[in-house]
Amino acid sequence: SIFNLPYGVVIPSAFRAPAAGPLRLLYVGRMNRQKGIFDLPAIDARLRELGIDVTWTLQGVGPDEAELRREWGARAPERWTGLQPMERVLALYQEHDVLVMPSRSEGLPVTLLEATAAGMVPVVSDLPSGIPEVVEPGVTGYRPPVGDIAGFALAIALLARDRERLEAMSRAVRRTVAERFDIRERAADYQAL
(Lines give C-alpha, C1' and ligand atoms only; values in the text may rest on other atoms or scores of the structure.)
Protein backbone atom coordinates (compact mmCIF):
# COMPACT_ATOMS: atom_id res chain seq x y z
CA SER A 1 0.00 0.00 0.00
CA ILE A 2 1.07 3.57 -0.64
CA PHE A 3 0.12 6.40 1.71
CA ASN A 4 0.61 10.09 1.01
CA LEU A 5 1.04 11.96 4.29
CA PRO A 6 1.93 15.66 4.13
CA TYR A 7 5.14 16.86 5.70
CA GLY A 8 4.73 18.93 8.84
CA VAL A 9 6.35 22.11 10.13
CA VAL A 10 6.00 24.12 13.30
CA ILE A 11 3.43 26.89 12.93
CA PRO A 12 4.98 29.79 14.86
CA SER A 13 2.89 31.95 17.15
CA ALA A 14 4.82 35.02 15.97
CA PHE A 15 4.86 35.89 12.29
CA ARG A 16 5.91 38.67 9.93
CA ALA A 17 4.42 42.09 10.44
CA PRO A 18 3.84 44.80 7.84
CA ALA A 19 6.66 47.30 7.47
CA ALA A 20 6.82 50.57 5.60
CA GLY A 21 9.59 51.11 3.11
CA PRO A 22 11.23 48.76 0.62
CA LEU A 23 9.76 45.31 0.18
CA ARG A 24 11.93 42.83 2.10
CA LEU A 25 12.97 39.90 -0.09
CA LEU A 26 14.58 36.70 1.16
CA TYR A 27 16.28 33.80 -0.59
CA VAL A 28 16.95 30.73 1.56
CA GLY A 29 18.73 27.75 0.11
CA ARG A 30 21.89 26.23 -1.17
CA MET A 31 24.01 28.55 -3.26
CA ASN A 32 24.18 26.46 -6.40
CA ARG A 33 23.05 26.83 -9.99
CA GLN A 34 20.23 24.26 -9.68
CA LYS A 35 18.49 26.53 -7.19
CA GLY A 36 18.26 29.28 -9.84
CA ILE A 37 20.43 31.67 -7.86
CA PHE A 38 21.79 33.34 -10.99
CA ASP A 39 18.25 34.57 -11.71
CA LEU A 40 18.36 36.68 -8.53
CA PRO A 41 20.58 39.52 -9.85
CA ALA A 42 18.55 39.61 -13.07
CA ILE A 43 15.30 39.83 -11.07
CA ASP A 44 16.85 42.62 -8.99
CA ALA A 45 17.91 44.52 -12.14
CA ARG A 46 14.41 44.22 -13.61
CA LEU A 47 12.88 45.49 -10.35
CA ARG A 48 15.17 48.53 -10.50
CA GLU A 49 14.03 49.15 -14.10
CA LEU A 50 10.44 49.06 -12.84
CA GLY A 51 11.29 51.53 -10.06
CA ILE A 52 10.58 49.01 -7.29
CA ASP A 53 12.56 49.55 -4.10
CA VAL A 54 13.53 46.28 -2.40
CA THR A 55 16.07 44.93 0.04
CA TRP A 56 17.52 41.44 -0.28
CA THR A 57 18.78 38.94 2.26
CA LEU A 58 20.48 35.78 1.03
CA GLN A 59 20.65 32.87 3.46
CA GLY A 60 22.77 29.83 2.73
CA VAL A 61 26.13 28.64 1.48
CA GLY A 62 27.26 26.63 -1.48
CA PRO A 63 29.73 26.14 -4.29
CA ASP A 64 28.43 28.98 -6.50
CA GLU A 65 28.26 31.74 -3.89
CA ALA A 66 31.45 33.52 -4.97
CA GLU A 67 30.39 33.48 -8.62
CA LEU A 68 26.96 34.86 -7.67
CA ARG A 69 28.58 37.72 -5.73
CA ARG A 70 30.76 38.54 -8.76
CA GLU A 71 27.82 38.41 -11.16
CA TRP A 72 25.67 40.61 -8.95
CA GLY A 73 28.53 43.11 -8.77
CA ALA A 74 28.29 46.50 -7.08
CA ARG A 75 24.52 46.15 -6.56
CA ALA A 76 24.93 42.93 -4.53
CA PRO A 77 22.82 42.70 -1.36
CA GLU A 78 24.50 43.73 1.86
CA ARG A 79 22.94 40.88 3.82
CA TRP A 80 24.51 37.52 3.05
CA THR A 81 23.93 35.56 6.24
CA GLY A 82 25.87 32.42 5.32
CA LEU A 83 25.35 29.33 7.43
CA GLN A 84 23.07 30.05 10.40
CA PRO A 85 21.52 27.94 13.16
CA MET A 86 17.92 26.92 12.51
CA GLU A 87 16.56 29.32 15.13
CA ARG A 88 18.08 32.26 13.25
CA VAL A 89 16.72 31.06 9.90
CA LEU A 90 13.23 30.78 11.39
CA ALA A 91 13.60 34.32 12.76
CA LEU A 92 14.59 35.59 9.29
CA TYR A 93 11.21 34.52 7.95
CA GLN A 94 9.49 36.86 10.38
CA GLU A 95 11.69 39.79 9.27
CA HIS A 96 10.85 39.57 5.55
CA ASP A 97 7.87 39.93 3.24
CA VAL A 98 8.52 37.76 0.18
CA LEU A 99 10.31 34.43 -0.29
CA VAL A 100 11.97 34.29 -3.72
CA MET A 101 12.70 30.74 -4.95
CA PRO A 102 13.70 30.52 -8.64
CA SER A 103 14.58 26.82 -8.41
CA ARG A 104 14.96 24.56 -11.42
CA SER A 105 13.61 21.51 -9.57
CA GLU A 106 12.02 20.91 -6.17
CA GLY A 107 9.77 18.47 -4.40
CA LEU A 108 7.87 20.18 -1.62
CA PRO A 109 10.52 22.53 -0.19
CA VAL A 110 10.63 22.66 3.60
CA THR A 111 11.84 26.26 3.23
CA LEU A 112 8.58 27.09 1.46
CA LEU A 113 6.53 25.60 4.30
CA GLU A 114 8.56 27.26 7.06
CA ALA A 115 8.54 30.68 5.39
CA THR A 116 4.83 30.65 4.60
CA ALA A 117 4.00 29.41 8.10
CA ALA A 118 5.57 32.70 9.23
CA GLY A 119 3.42 34.64 6.75
CA MET A 120 5.93 35.26 3.97
CA VAL A 121 4.37 35.45 0.51
CA PRO A 122 6.12 33.04 -1.87
CA VAL A 123 7.20 33.87 -5.40
CA VAL A 124 8.46 30.47 -6.53
CA SER A 125 9.13 28.63 -9.76
CA ASP A 126 6.07 26.91 -11.17
CA LEU A 127 7.12 23.32 -10.70
CA PRO A 128 4.66 20.41 -10.87
CA SER A 129 5.68 18.90 -7.55
CA GLY A 130 4.36 19.89 -4.12
CA ILE A 131 4.53 23.64 -4.74
CA PRO A 132 0.95 23.86 -6.11
CA GLU A 133 -0.28 22.36 -2.82
CA VAL A 134 0.79 25.61 -1.13
CA VAL A 135 0.93 28.31 -3.79
CA GLU A 136 -2.32 29.22 -5.52
CA PRO A 137 -1.41 32.02 -7.96
CA GLY A 138 -2.84 35.36 -6.92
CA VAL A 139 -4.23 33.94 -3.67
CA THR A 140 -1.35 32.50 -1.61
CA GLY A 141 1.60 33.60 -3.76
CA TYR A 142 2.85 33.50 -7.33
CA ARG A 143 4.35 30.76 -9.53
CA PRO A 144 6.15 32.29 -12.51
CA PRO A 145 7.57 29.83 -15.04
CA VAL A 146 11.08 28.52 -14.39
CA GLY A 147 13.64 31.11 -15.55
CA ASP A 148 11.01 33.82 -16.24
CA ILE A 149 12.87 36.87 -14.92
CA ALA A 150 10.14 39.28 -16.02
CA GLY A 151 7.47 37.09 -14.39
CA PHE A 152 9.30 36.97 -11.07
CA ALA A 153 9.87 40.74 -11.15
CA LEU A 154 6.25 41.46 -12.06
CA ALA A 155 4.93 39.32 -9.20
CA ILE A 156 7.24 41.06 -6.73
CA ALA A 157 6.31 44.48 -8.16
CA LEU A 158 2.60 43.72 -7.70
CA LEU A 159 3.20 42.96 -4.03
CA ALA A 160 5.40 46.03 -3.55
CA ARG A 161 2.81 48.34 -5.09
CA ASP A 162 -0.21 46.85 -3.34
CA ARG A 163 0.54 46.28 0.32
CA GLU A 164 -3.08 45.34 1.05
CA ARG A 165 -2.71 42.48 -1.43
CA LEU A 166 0.57 41.49 0.24
CA GLU A 167 -1.09 41.33 3.65
CA ALA A 168 -4.14 39.42 2.36
CA MET A 169 -1.88 36.88 0.66
CA SER A 170 0.27 36.63 3.77
CA ARG A 171 -2.77 35.73 5.86
CA ALA A 172 -4.07 33.30 3.22
CA VAL A 173 -0.82 31.37 2.81
CA ARG A 174 -0.26 31.19 6.55
CA ARG A 175 -3.77 29.79 6.98
CA THR A 176 -3.19 27.25 4.17
CA VAL A 177 0.01 25.96 5.74
CA ALA A 178 -1.49 25.88 9.24
CA GLU A 179 -4.47 23.87 8.00
CA ARG A 180 -2.51 21.35 5.91
CA PHE A 181 1.04 21.12 7.28
CA ASP A 182 0.92 21.72 11.06
CA ILE A 183 3.48 19.33 12.58
CA ARG A 184 1.20 18.54 15.51
CA GLU A 185 -1.43 17.07 13.21
CA ARG A 186 0.98 15.58 10.68
CA ALA A 187 3.00 13.82 13.40
CA ALA A 188 -0.23 12.33 14.77
CA ASP A 189 -1.11 11.09 11.27
CA TYR A 190 2.31 9.42 10.93
CA GLN A 191 1.90 7.86 14.38
CA ALA A 192 -1.57 6.58 13.54
CA LEU A 193 -0.31 5.02 10.30
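This report walks through the sheet, the nonpolar cores, one helix face and the salt bridges of a predicted model.

**The sheet**

Let's start with the strands. Five of them make an open sheet, ordered S3-S2-S1-S4-S5, and the pairing is parallel. The edge positions go to S3 and S5, which have a single partner strand each, so one side of each has no neighbour in the sheet. From one strand to the next, the twist averages 25°. Strands S1 and S4 are a parallel pair held over 2 bridges, and Leu-25 has Val-98 in S4 as its bridge partner.

Helices pack against this sheet. H3 touches S1, S2 and S3, and its direction makes about 150° with that of S1. H6 lies across S1, S4 and S5, and runs at about 95° to S5.

**The nonpolar cores**

Which residues touch the most other members of the largest nonpolar core? They are Leu-47 and Trp-56, out of 30 residues in that core. Elements that each supply at least two of its residues include strands S1 (23-28), S2 (54-59), S4 (98-101) and S5 (121-124). On the helix side, H1 (40-49), H2 (65-72), H5 (149-161) and H6 (163-181) also supply at least two each. H5 gives the largest share, 7 residues.

Zoom in on Leu-47 and you can see how these pieces meet. Not counting neighbours within four places in sequence, Leu-47 is in contact with Leu-25, Ile-52, Val-54 and Trp-56, as well as Ala-153, Ile-156 and Ala-157. Leu-25, then, turns up both here and in the bridge to Val-98.

There's also a second, separate core, with 23 residues; among them are Val-89, Tyr-93, Leu-113 and Ala-115.

**One face of H3**

Two of those names bring us back to H3 (residues 86-94), whose buried residues are Val-89, Leu-92 and Tyr-93. Why do they line one face of the helix? Seen down the axis of H3, they fall within an arc of 105°, so they share a face. As for what sits over them, the cover includes S1, S2, strand S3 (79-82) and helix H4 (110-117).

**Salt bridges**

Across the whole structure there are 15 salt bridges. Here are three of them, with the distance between the closest N and O atoms:

| Acid | Base | N to O distance |
|---|---|---|
| Asp-39 | Arg-104 | 2.7 Å |
| Asp-162 | Arg-165 | 3.6 Å |
| Asp-189 | Arg-186 | 2.6 Å |

Take the Asp-39 and Arg-104 salt bridge. This pair links distant parts of the chain: Asp-39 is in the loop between S1 and H1, Arg-104 is in the loop between S4 and H4, and they are 65 residues apart. Asp-39 is buried, at 9% relative accessible area, whereas Arg-104 is partly exposed at 32%.

In the Asp-162 and Arg-165 salt bridge, Asp-162 is partly exposed at 30% and Arg-165 is partly exposed at 31%.

The salt bridge between Asp-189 and Arg-186 sits in helix H7 (residues 183-192), where the two are 3 residues apart and therefore separated by about one helical turn. A helix has 3.6 residues a turn, so residues three or four places apart point the same way. Asp-189 is partly exposed at 30%, while Arg-186 counts as buried at 11%.

Finally, some salt bridges share partners, and these join Arg-16, Arg-24, Asp-97 and Glu-167 into one network.

Conventions. Residues numbered from 1 in each chain as written. Predicted model: local features only at pLDDT ≥ 70, side-chain atom pairs only at ≥ 80, totals over all residues. Heavy atoms only, no water. Core = buried A, V, L, I, M, F, W, Y, C linked by side-chain atoms within 4.5 Å. Buried < 20%, exposed > 50% of the residue type's maximum accessible area, 1.4 Å probe, protein only. Helix = DSSP H or I, 4+ residues; strand = E, 2+ residues; numbered from the N terminus. Contact = heavy atoms within 4.5 Å. Arc of directions from axis to C-beta. Salt bridge = Lys/Arg side-chain N within 4 Å of Asp/Glu carboxyl O. Pairing = 2+ DSSP bridges. Axes fitted to C-alpha atoms, helices over the stretch in contact; angles between N-to-C directions.
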